[in-house]
Amino acid sequence: MNNAFKVIASASVFLLLAACSTTQSMNQSAANDAVEINQAELWPKPANPVAAGSENSAALKVVQGFFGAYGKGDMEGLKSFVAEDVEWHIPGQHKLAGTKRGIKEFTDFFAQLGAAGFNAEVMILAANDTYVIDAHRGWSTKGDDNIDINWVLLYQIEDGKIKRVQNFSGDLYKSDKFFDTFFQ
């Protein structure tokens with residue numbers, strides 16, 4: 001299980017570093033690489049996305065409950081899985097980027113995702129007593145230039161609630177463009 005965390009965390013750091021390239025040629029190369037790697041058919045969903053050894057984690061059950069409510073569009077249900085002082089960090093330079101602090105900012109953000117027709121399909125969940133790592137395909141069903149990329153999220157669970165989340169985008173260029181276009 002610790003190896004799963006290390007692999008996913010290393011991949012997330014790599015994606016983040018690749019996306020932060022500052023020269024124009026490096027930016028274009030990284031953008032092309034992101035388009036090439038973010039093809040849904042390259043990332044099939046496994047029959048059971050829960051990593052072996054994680055299935056009895058209380059932290060994992062919180063995130064699974066969160067995904068269940070999210071899948072139904074149940075905002076009240078979502079709130080039951082997060083701490084009152086939740087911090088949800090969204091990477092990028094788009095209009096929705098930054099850290100959402102507290103229930104109000106959190107629910108406002110998820111209402112905006114709902115307006116964009118955002119969906120998630122979990123590829124892997126791995127957990128210990130405090131942290132859950134989720135890698136999922138995230139896509140939109142609304143808008144002229146829809147997004148369909150992989151995301152990795154690191155959840156910190158405290159007292160049976162999601163306390164803090166950090167998102168890592170598989171393609172910061174595409175997510176910046178999509179969110180800035182959709183939320184003008």
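Student: What makes the reach of helix H3 (residues 58-72) close to the expected one?

Tutor: The expected span of a helix is 1.5 Å times one less than its number of residues. H3 has 15 residues, so 21 Å is expected, and the 22 Å from its first C-alpha to its last is close to that. Helices here are DSSP runs of H or I with at least four residues, strands are runs of E with at least two, and both are numbered from the N terminus. Please keep in mind that this is a predicted model, in which local features need pLDDT of at least 70 and side-chain atom pairs count only at pLDDT 80 or more, while totals for chains, interfaces and linings use all residues. Residues are numbered from 1 along each chain as its sequence is written, and side-chain values use heavy atoms, with hydrogens and water left out.

Student: Which residue caps the N-terminal end of H3, and how do you know?

Tutor: Serine 57 does, with a side-chain oxygen 3.2 Å from the backbone nitrogen of alanine 59. A polar contact is a pair of N or O atoms within 3.5 Å; within protein, one must be able to donate a hydrogen and the other to accept it, and residues adjacent in sequence count only if both atoms are side-chain atoms. The 3.2 Å distance is within that limit, so the cap qualifies. After H3 comes glycine 73, with a positive phi near 70 degrees.

Student: Why is leucine 113 called buried or exposed?

Tutor: Buried means under 20% relative accessible area, exposed over 50%, and partly exposed in between (1.4 Å probe, protein chains only). Leucine 113 has 7% relative accessibility, so it counts as buried. Leucine 113 sits in helix H5 and, leaving out residues up to four places away in sequence, touches Tyr70, Phe118 and Phe179 (contact means heavy atoms within 4.5 Å).

Student: How many residues are in the largest nonpolar core, and what makes it a core?

Tutor: A nonpolar core is a set of buried Ala, Val, Leu, Ile, Met, Phe, Trp, Tyr and Cys residues joined through side-chain atoms within 4.5 Å. The largest one has 37 residues, and Trp88, Phe110, Val132, Tyr155 and Ile162 have the most contacts inside it. H3 gives the most to this core, with 8 residues. In soluble globular proteins, nonpolar side chains tend to be buried together.

Student: What makes the meeting of aspartate 85 and lysine 163 a salt bridge?

Tutor: A salt bridge needs a side-chain nitrogen of Lys or Arg within 4 Å of a carboxyl oxygen of Asp or Glu. Their N to O distance is 2.5 Å, so the pair meets the rule. The two residues lie 78 apart in the chain, aspartate 85 in strand E1 and lysine 163 in strand E6. Lysine 163 is buried because its relative accessible area is 11%, whereas aspartate 85, at 44%, counts as partly exposed.

Student: Which residues are joined into one salt-bridge network, and how do you know?

Tutor: Look at the pairs in turn. Aspartate 148 and arginine 137 meet in a salt bridge at 2.8 Å, N to O. Arginine 137 also pairs with glutamate 121, the closest N and O atoms being 3.8 Å apart. Both distances are within the limit, so both pairs qualify. Salt bridges that share partners thus join Glu121, Arg137 and Asp148 into one network. Arginine 137 has 17% relative accessibility, so it counts as buried. Glutamate 121, at 25%, is partly exposed, and so is aspartate 148, at 23%.
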